[in-house]
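Please consult the sequence and the structure shown below. The paragraphs that follow lead through the model step by step.

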Amino acid sequence: MAISYTNERRPRFASYHRLICTLILKIFYKEVESQFKVVSELRPRYRSISRALRQSSQKLPECWHVVFSPDETKFAWLCGNHKVVLVPWNRSKNCLLDLDDKDERGNEIKSNLVVIDAGSPVNSVAFGTGTPEEHLFRQESGRWTRFNFSRDLVLATGHVNGRIRIWDAFSGHVLLELMDHTDAVRDIAFAPDGSLRLVSGSLDKSLKIWDLKDDGNMIKTLSGHKSHVFWCTWSPTSVYMASCGSENKVIVWDMKRYKIHQTLVGHYNSVMACDFSPDGAILATASRDTRVILWDPASGKLLRTLYHVQPPPSFIFASGANGAWIRGIAYSRDGMHIGTVSEGGLVRFWNLVDEERDIPMVKQCDNNDEEEELLCCSVSPSGRTLAVGNSESRVTFYQVPRVVGTLKHLARMAVRKHLESPNIDNILLPTRLTEYLKYHLWY
């Protein structure tokens with residue numbers, strides 16, 4: 001039976017239609033959390049005497065890495081030269097567990113603080129699990145068995161003496177020790193595919209691949225850098241791994257063949273850190289030349305440059321001691337933001353898809369209003385927190401603005417998770433859509 005509307009009812013129906021459309025648009029475009037603010041901190045107990053130590057010849061412990069566990073239940077804190085503390089984290093409330101120990105349903109969360117005395121100074125730390133990271137929130141971890149690395153969570157620490165130690169993340173007991181580097185291990189990272197492959201980057205100019213499922217045996221030594229290696233990171237699919245250091249280049253490695261895939265040259269100074277986007281389509285690199293460069297890791301093409309200093313510095317200024325070195329970088333899980341820390345105690349959260357809504361830089365100072373020396377940053381797996389570490393082992397947690405992306409952006413990320421840029425050219429698509437999928441267009 002057909003339904004007819006009178007002239008009096010048509011306007012009311014139209015108003016309902018507009019209301020529904022408005023609500024849908026708000027759901028997809030409205031900013032959920034707009035504030036970028038400090039929510040909590042971790043401070044070492046010797047904070048009160050740190051200023052005196054800083055003026056003396058003694059070297060302060062430095063927090064070179066801030067790392068969340070893949071399931072976001074623990075945070076690894078380098079709070080001393082050889083001390084690592086695994087702090088319980090409430091992923092439901094997005095805070096330290098000692099601030100709120102209830103989940104969203106009001107149930108109590110139980111977790112213990114684990115203190116590890118690593119025995120020698122620690123430069124780097126990483127969590128590893130035998131479960132692919134995209135499945136962690138859908139599976140319950142089993143009970144830990146001593147050398148069954150495939151079942152639960154382990155912690156790796158990289159040391160100044162070139163050694164790597166593997167720890168039980170729940171008891172703090174040492175499980176393995178890996179030895180082959182001849183200088184300090186500056187960074188370590190586990191593959192996110194659950195294979196428990198561990199890559200380590202060292203000041204001895206090499207990278208090494210270790211297999212924890214094979215009793216920690218070393219698989220391969222990667223030689224491509226001519227100077228110190230500072231950072232290494234895996235792509236979300238574990239197909240690529242990127243490394244950088246005291247050279248002005250970044251190397252993208254093919255982790256199926258353990259060969260160099262691309263060498264990215266474009267920075268004017270040492271490259272301090274790098275990170276992949278959630279879809280693996282972009283590699284972001286941070287350098288002492290005051291710039292962040294976004295690359296296509298598959299093709300090696302430079303996509304975009306972000307300038308920390310305006311106007312953009314000259315080559316001579318950028319390649320020297322310019323006072324604006326970018327030391328750390330972290331890609332947000334929404335694929336729309338990048339967090340950076342730089343000299344001068346500056347924390348910045350870049351908006352890549354809407355520059356008009358870019359968040360102003362935050363200057364982080366200590367209790368004496370002195371600029372803090374920031375060394376690193378990391379975004380939590382849920383994307384709700386940016387952790388920043390400084391040269392005195394203090395960690396500051398910032399609430400990250402949460403923005404629901406446009407449907408166009410979400411569709412692009414879904415496509416790029418499975419399709420690299422060289423393969424997009426083989427699909428018959430309108431030119432503008434092709435450029436958008438390849439991140440040649442951002443809006």
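In this predicted model, a convenient starting point is the antiparallel pair formed by strand E14 and strand E15 (residues 217-223), which are joined by six bridges. Within this pair, aspartate 211 has asparagine 217 of E15 as its bridge partner. The two strands make a hairpin with five residues between them, and in its turn aspartate 215 has a positive phi of about 60°.

On the other side of the discussion stands strand E13 (residues 197-202), which pairs with E14 in the antiparallel sense over five bridges. Here valine 199 is matched with isoleucine 209 in E14 as its bridge partner. E13 and E14 also form a hairpin, with three residues between the strands, and lysine 205 takes a positive phi near 80° there.

How many of the six residues of strand E14 (residues 206-211) are buried? Six of the six are, so the strand is largely enclosed by the rest of the structure. Ser206, Lys208 and Trp210 point one way from E14, while Leu207, Ile209 and Asp211 point the other way, and all are buried.

A further buried position is found in strand E8 (residues 122-129), where serine 124 is placed. Serine 124 has a relative accessible area of 0% and therefore counts as buried. Leaving aside neighbours within four places in sequence, its contacts are His65, Ala156, Thr157, Gly158, Val185, Arg186, Asp187 and Ile188. With one of these residues there is a polar approach: a polar atom of the serine 124 side chain lies 3.3 Å from the backbone oxygen of valine 185.

Attention may now turn to an open sheet of four strands, ordered E2-E30-E29-E28 with antiparallel pairing. Its edges are strand E2 (37-42) and strand E28 (374-379), each of which pairs on one side only. On average, neighbouring strands of this sheet are turned by 25° against each other, direction ignored. E2 pairs with strand E30 (residues 395-399) in the antiparallel sense over five bridges, and serine 40 stands opposite phenylalanine 397 in E30.

Towards the end of the sequence, an unreviewed UniProt entry places the feature "domain: SOCS box" at residues 406-443. This span is 55% helix and 0% strand, and its end C-alpha atoms lie 10 Å apart.

The whole chain can now be considered. It has six helices and 31 strands, and 53% of its 443 residues count as buried. Among contacts with a separation of 6 or more, 54% involve residues 24 or more positions apart. The chain exposes about 20,900 Å², of which carbon and sulfur atoms supply 51%.

Methods:
Residues are numbered from 1 along each chain as its sequence is written. This is a predicted model: local features need pLDDT of at least 70, side-chain atom pairs count only at pLDDT 80 or more; totals for chains, interfaces and linings use all residues. Side-chain values use heavy atoms; hydrogens and water are left out. Buried means under 20% relative accessible area, exposed over 50%, partly exposed in between (1.4 Å probe, protein chains only). A polar contact is a pair of N or O atoms within 3.5 Å; within protein, one must be able to donate a hydrogen and the other to accept it, and residues adjacent in sequence count only if both atoms are side-chain atoms. Contact means heavy atoms within 4.5 Å. Accessible areas come from the Shrake-Rupley method with a 1.4 Å probe; for residues, only the protein chains shown count as cover. UniProt positions are given in the numbering used here, feature names are shortened, and annotations may be inferred rather than shown by experiment. Two strands pair if DSSP finds at least two bridges between them. Axes are lines fitted to C-alpha atoms, for helices over the stretch in contact, and angles run from 0 to 180 degrees between N-to-C directions.
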